Amino acid sequence: DSAHHLTQILTKFRASYPGVSISLRTGNTDTVIESLYSYEADIGVLGEIPQSRDFEAIRLNSTPIIAFVAQGHPLAAQASVTMAALSRHPLVLRESGSRTRQKLEAAARDLGLTLTAAIEAEGREAVREIVASGAGVGFVSAAEFGEDRRLVPIPITGVETMRMDEALICLRERRGSTRVAAIFEIARALTMDTVE
């Protein structure tokens, strides 16, 4: 999902296991799950807690989904914005496999709204660059917004359930692997939250 959620875990892992090489790849939830099932990855980070009993998970954090716009955008001066107001602006949405997009669209449906992408982009970095150019409104979990002086974050009001529960996951059958066990132990110590 995002390297941001793993930085502390990987730093502690590398300090304890300096001889182990780490390969980090990004992708949407569908890609991460497919990589785990095909044994191309040992662990994954998702924007939600998986419902399948095939996985063991540790909740890393839970943050709201926010909108963001370029400096100078008409919404940039707003303290917050509603979904109805957002639906009237050009939207830059992630690809259909994105959990952020799925949660946005579900929240809009619950309000009787339809969100239509003016631009659809694969990956949050692409969305960030398109929004920074002034092309529309983007969305991301608050934890992943980061710092970018070109962009202004805007909380979305009236959608209490629109949160991203970032989770470290592995296939339950691979939980006993030395590498996976070590990463889970470090993550558990840092977060103190386990979802079985």
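Tutor: Let's start with a word we will need often: a residue is buried when its relative accessible area is under 20%, exposed when it is over 50%, and partly exposed in between (1.4 Å probe, protein chains only). Asp148, at 16% relative accessibility, therefore counts as buried. This is a predicted model, in which local features need pLDDT of at least 70 and side-chain atom pairs count only at pLDDT 80 or more, while totals for chains, interfaces and linings use all residues. Residues are numbered from 1 along each chain as its sequence is written, and side-chain values use heavy atoms, with hydrogens and water left out.

Student: What is the mean pLDDT of the chain?

Tutor: First the term: pLDDT is the predictor's confidence in each residue, from 0 to 100. Here the chain has a mean pLDDT of 89, and 95% of its residues reach 70 or more.

Student: Which elements have the lowest and the highest mean pLDDT?

Tutor: Elements are DSSP runs, numbered from the N terminus: helices (H or I, at least four residues) and strands (E, at least two). Helix H6 (residues 142-145) has the lowest mean pLDDT, 86, and strand E7 (residues 151-154) has the highest, 98. Asp148, our opening example, sits in the loop between H6 and E7.

Student: Which residues have the most contacts inside the largest nonpolar core?

Tutor: The general idea is that in soluble globular proteins, nonpolar side chains tend to be buried together. A nonpolar core is a set of buried Ala, Val, Leu, Ile, Met, Phe, Trp, Tyr and Cys residues joined through side-chain atoms within 4.5 Å. In this model the largest core has 22 residues, and Met83, Leu86, Leu104, Val137, Phe139, Ile156 and Met162 have the most contacts inside it. Two or more residues of this core come from each of strand E2 (55-70), helix H3 (83-86), strand E4 (91-94), helix H4 (99-110) and E7. There is also a second, separate core of 16 residues, which includes Leu6, Cys170, Ile186 and Ala187.

Student: Which residues does Phe139 touch?

Tutor: Contact means heavy atoms within 4.5 Å. Not counting residues up to four places away in sequence, Phe139 touches a list of residues including Ile65, Phe68, Leu86, Leu93, Leu104 and Ile156.

Student: Is Pro153 in strand E7 buried or partly exposed?

Tutor: Pro153 has 39% relative accessibility, so Pro153 counts as partly exposed. Leaving aside neighbours within four places in sequence, Pro153 is in contact with Ile66, Ala67, Phe68 and Phe145.

Student: Which residues of H2 are buried?

Tutor: In H2 the buried residues are Thr29, Val32, Ile33, Ser35 and Leu36. Seen down the axis of H2, they fall within an arc of 160 degrees, so they line one face of the helix. That arc is the one spanned by the directions from the helix axis to the C-beta atoms. Among the elements covering these buried residues are E1, E2, H4 and strand E9 (163-171).

Student: What phi does Tyr39 take just after H2?

Tutor: Most residues other than glycine have a negative phi. Tyr39 has a positive phi of about 65 degrees although it is not a glycine. Tyr39 lies in the loop between helix H2 (29-37) and strand E1 (44-46), and is partly exposed at 47% relative accessible area.

Student: How many salt bridges does a search of the whole structure find?

Tutor: Side chains of opposite charge can pair when their charged atoms come close. A salt bridge is a side-chain nitrogen of Lys or Arg within 4 Å of a carboxyl oxygen of Asp or Glu. The search finds twelve. One of them joins Asp42 and Arg174, whose closest N and O atoms are 2.9 Å apart. This pair links distant parts of the chain, 132 residues apart: Asp42 is in the loop between H2 and E1, and Arg174 is in the loop between E9 and helix H7 (178-191).

Student: Where are the partners Glu144 and Arg124?

Tutor: Glu144 is in helix H6 and Arg124 in helix H5, 20 residues apart. Their closest N and O atoms are 3.0 Å apart, and both residues are buried.

Student: Which residues are linked in a network of salt bridges?

Tutor: Arg128, Glu129, Asp148 and Arg150 form that network. Glu129 is in helix H5 (residues 124-132), and is partly exposed at 43% relative accessible area.
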